[in-house]
Amino acid sequence: MWPSLSPEESEANATQAADEAASDAQTAAAQAGESAVAASSTNSGAPPILGTTVFEAPGVTPGEPTGTHVGKKIQELRGDLSRLQTRVTSHNNSLQSERARARGSAGAYHGLVGAMNTRLQVGTTPGNPIMVNQWNQAQRELEKVGDSIATLNSLSSEASSTSALAAFMLESTRATFELRGALEEDHRQLAVLEDEVNQTVVIIDRLLNELTDDVARSQNYFSGERANLTAMQVAIDNGEYIGGSLASRAFGVPAPPPQGGAAGLVGQRQPLVIIRFDRPDVAYEQALFTAVSRALERRPNSGFDLVSVAPGVGNPAQVALATNASRRNAEGVLRSLTNMGLAADRVSLSATSSPAARVSEVHVYVR
């Protein structure tokens, strides 16, 4: 059934088949190299997206002394608020400086990586000294980004201390309303002072939240790019790409948050942890760390949903105030989780209110 071939025809066909096989192999190798370069270029993306907010303190409104004991207390509180806002300004200046430094280093790093990717795409000599020098420069620029992360972590600790001081000052200002022997002018000045302290507290909270986001994004960026740089070192030694980094394959992607937010989980699923903020300075971090660690041991690809649950009792204004306070508690829990090393992209945050809640609560669910 098979056609017969003469020896000459068999040799010619064999030669043609060998040429086609060699051509296919070259094409496959070229496509593999392009895929590796594309993978590296995808992993080595744009610099981390850092916040852009400039945090400016509202200032302190001066007031005339009234001569009363309450009036003297107000003067002291104004001095304390002025010093507090000076600290906020210092934090803001440090934050903007570190953001500019990280962006500059990341931009220089990506310029070097782009040049190396282009050279490796067309192929070069193994251990090309020019590319080795570029790789060393890229490593130095990436280490500067790592230094910025350490500075941002220190700044976050300082801002947390400032936040605690601001909360204490707000309580002191409110307690001054209860002192006897005040004039109407004293209470008017106190109301203005309370508003300014409240505004300062909000600014500090926002500063802390953006610092948390910046640290989380920078850490994810730094660890990913360090793995990409290691893979590129192997490629430079070989003069071409032999594959992308395996860092992105170490763990799967966690499941996305439920549609419409995680607030609908309240009352529907058993939470991993319930934190009740029924008193100041609730010590929850140790228990939270233990529960999250055990959950990750059982399911390394787990994500977590934080739901702030506010008491749904009272008039609309009271419910709104309780919801804001509950959300701030949830943001504090989120900061604790990121400080423990949990990646920010594995955590979602939502808020709701419930008539069954008597105090502000934060529910932690596993997904």
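1. Positive surface patch. In this predicted model, Arg269, Arg294, Arg298 and Arg299 form a positive surface patch. Arginine 269 sits in the loop between helix H4 (184-238) and strand E1 (273-277). Its relative accessibility is 37%, so arginine 269 counts as partly exposed. Patch members need over 30% relative accessible area, and arginine 269 passes that cut-off with its 37%.

2. Overall make-up. The protein has six helices and four strands. Read from the N terminus, the order of elements is α-α-α-α-β-α-β-α-β-β. The chain holds 367 residues, and 38% of them count as buried.

3. Aspartate 214. This residue belongs to helix H4. Is aspartate 214 buried or exposed? Aspartate 214 is buried, because its relative accessible area is 0%, and buried means under 20%. Two polar partners are worth checking on screen. The side chain of arginine 99 makes a polar contact with the side chain of aspartate 214, at 2.9 Å. The backbone nitrogen of glycine 51 lies 3.0 Å from a polar atom of the aspartate 214 side chain. The acid at 214 thus meets a side chain in one case and a backbone atom in the other.

4. Glutamate 361. Here the acid is in a strand: glutamate 361 is part of E4 (residues 360-366). With a relative accessibility of 10%, glutamate 361 counts as buried. Which side chains does glutamate 361 contact? One is arginine 276, through a polar contact of 3.1 Å between the two side chains. Another is histidine 363, whose side chain is in polar contact with that of glutamate 361 at 2.9 Å.

5. Aspartate 281. Look at the backbone here. Aspartate 281 is not a glycine, yet its phi is positive, at about 55°. Most residues other than glycine have a negative phi. Where is aspartate 281 placed? It lies in the loop between E1 and helix H5 (285-298). Aspartate 281 has 78% relative accessibility and therefore counts as exposed, the cut-off for exposed being over 50%.

6. The acids side by side. Aspartate 214 has a relative accessible area of 0% and is buried. Glutamate 361, at 10%, is buried too. Aspartate 281, at 78%, is exposed. For the buried pair, the contacts to inspect include arginine 99 with aspartate 214 and arginine 276 with glutamate 361. For aspartate 281, the item to inspect is the positive phi of about 55°.

Definitions and conventions
Residues numbered from 1 in each chain as written. Predicted model: local features only at pLDDT ≥ 70, side-chain atom pairs only at ≥ 80, totals over all residues. Heavy atoms only, no water. Patch = residues over 30% accessible without salt bridge, like charges linked within 9 Å, V, L, I, M, F, W, Y side chains within 5 Å. Areas by Shrake-Rupley, 256 points an atom, 1.4 Å probe, with all protein chains shown as cover. Salt bridge = Lys/Arg side-chain N within 4 Å of Asp/Glu carboxyl O. Lys, Arg positive; Asp, Glu negative; His and termini not counted. Charge placed at Lys NZ, Arg CZ, Asp CG, Glu CD. Helix = DSSP H or I, 4+ residues; strand = E, 2+ residues; numbered from the N terminus. Buried < 20%, exposed > 50% of the residue type's maximum accessible area, 1.4 Å probe, protein only. Polar contact = N/O pair within 3.5 Å; in protein donor to acceptor, adjacent residues only side chain to side chain.
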